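Here are some exercises to work through with the model open beside you. Try each task before you read the solution.

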Amino acid sequence: MDDAELLERIQQGERQYLTPLIERHYEPIRRYCYWKTRCAEASQDLTQETFYRFVRSIDTYVHAGKCRAYLYTVARRLCSDYFRDKPPVSAEPIEESAWGIAASAEETAEQRQLAEEMNRLLHLLPPEQQEVLALRFACGLKFREIAAVTGSSVYTVQYRTSRGLAALKKQLDKEARDEKPATEPPRTHSSASSCTRS
């Protein structure tokens, strides 16, 4: 069943369909909250509060194909409220599961390195570009969904995504050039080579 069918059943009184609907979106919302807060405990609490508010208002919720965007919007507001009395988030690495790329044991080190690299590169961008790229590529939202979550136009979201990707590519190209070894000077051969026989 898609979200619309589940919501219809729930609003008709079949509350057992809440479980598959929540399970479908719970982990992506938790990852988003973790990305916003960098705190596992806070992300768990904020995710639970997101779904509590959703369930509390579900009887009056009007589905217009935006259930996922609605949940991210609620989570985003809760994360903003969380920071009102909190210090700014440090730029510590985000665990790989927060990007949805948790791996098997033998792949963990490589995937952790990938997640840390993604985190490092994102922190080079302005916050609004960070968020649209995270929502687009880590959370898998469509442009119209991101626009609904952030309160921006689709054009603005596309522009920020394009600018963010261009900035990341520029940074990666720069780092690749910086890491490129210097060209070795040509070797000169003396007439008295050690390989020359007398």
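**Exercise 1. Leaving aside neighbours within four places in sequence, find what alanine 148 is in contact with.**

Solution. Keep in mind that this is a predicted model.
- Step 1: go to helix H7, residues 143-150, where alanine 148 is found.
- Step 2: skip the neighbours within four places in sequence, and you'll see that alanine 148 is in contact with Ala69 and Thr73.
- Step 3: take the alanine partner and check the spacing. Alanine 148 and alanine 69 are 79 residues apart in sequence, yet their C-alpha atoms are 6.3 Å apart in space.
- Step 4: add the accessibility. Alanine 148 comes out at 36%, and buried would need a value under 20% while exposed would need one over 50%. So alanine 148 counts as partly exposed.

**Exercise 2. Work out where the buried residues of helix H3 sit around its axis.**

Solution.
- Step 1: get the basics. H3 runs over residues 40-56, which is 17 residues, and spans 24 Å from first C-alpha to last, close to the 24 Å expected at 1.5 Å a residue.
- Step 2: list the buried ones: Ala42, Ser43, Leu46, Thr47, Thr50, Phe51 and Phe54.
- Step 3: look down the axis of H3. Those buried residues fall within an arc of 160°, so they line one face of the helix.
- Step 4: recall the geometry behind that pattern. An α-helix has 3.6 residues a turn, so residues three or four places apart point the same way.
- Step 5: turn to the other side of H3, where Glu41 and Arg56 are exposed.
- Step 6: see what does the covering. Helices H1 (3-11), H2 (18-37) and H4 (67-82) are included in what lies over the buried residues of H3.

**Exercise 3. Which parts of the chain do the salt bridges of aspartate 3 and arginine 15 link?**

Solution.
- Step 1: start with the total: the structure holds eleven salt bridges. As a reminder, side chains of opposite charge can pair when their charged atoms come close.
- Step 2: take aspartate 3. Its side chain meets that of arginine 24, at 2.7 Å from N to O. This pair links helix H1, which holds aspartate 3, to helix H2, which holds arginine 24, and the two are 21 residues apart.
- Step 3: check how covered they are. Aspartate 3 is buried at 14% relative accessible area, while arginine 24 is partly exposed at 36%.
- Step 4: now take arginine 15, whose side chain forms a salt bridge with aspartate 59, again listed at 2.7 Å from N to O. Here two loops are linked: arginine 15 is in the one between H1 and H2, aspartate 59 is in the one between H3 and H4, and they're 44 residues apart.
- Step 5: do the accessibility check here too. Arginine 15 is partly exposed at 36%, and aspartate 59 is exposed at 51%.

**Exercise 4. Follow glutamate 131 from its helix to its salt-bridge network.**

Solution.
- Step 1: look at helix H6, residues 127-138. Its twelve residues reach 15 Å from first C-alpha to last, close to the 16 Å expected.
- Step 2: note that the buried residues of H6 include Gln130, Glu131, Val132 and Leu133. For glutamate 131 the relative accessible area is 7%.
- Step 3: find a partner. Lysine 36 forms a salt bridge with glutamate 131, with the closest N and O atoms 3.3 Å apart. That pair joins helix H2 to helix H6 across 95 residues.
- Step 4: widen the view. Salt bridges with shared partners bring Lys36, Arg76 and Glu131 into one network.

**Exercise 5. Identify which helix supplies the largest share of the lining of the largest pocket.**

Solution.
- Step 1: size it up: the largest pocket holds about 270 Å³ of space.
- Step 2: meet the lining. There are twelve lining residues, and Trp35, Lys36, Arg38, Pro127 and Gln130 lie nearest the pocket's centre.
- Step 3: sort by helix. H2, H4 and H6 each give at least two residues, and H6 provides the largest share, with four.
- Step 4: pause at arginine 38, in the loop between H2 and H3. This residue is buried at 12% relative accessible area and has a positive phi of about 60°, although it is not a glycine.

Methods
Residues are numbered from 1 along each chain as its sequence is written. This is a predicted model: local features need pLDDT of at least 70, side-chain atom pairs count only at pLDDT 80 or more; totals for chains, interfaces and linings use all residues. Side-chain values use heavy atoms; hydrogens and water are left out. The expected span of a helix is 1.5 Å times one less than its number of residues. Buried means under 20% relative accessible area, exposed over 50%, partly exposed in between (1.4 Å probe, protein chains only). The arc is that of the directions from the helix axis to the C-beta atoms. Contact means heavy atoms within 4.5 Å. A salt bridge is a side-chain nitrogen of Lys or Arg within 4 Å of a carboxyl oxygen of Asp or Glu. On a 1 Å grid over the protein atoms alone, a cavity is a set of points where a 1.4 Å probe fits but cannot get out, and a pocket is an open set with protein on both sides within 12 Å along at least five of seven lines; lining residues have an atom within 4 Å of a point. Grid points are joined across faces, edges and corners, and a volume is the space filled by probe spheres set on the points.
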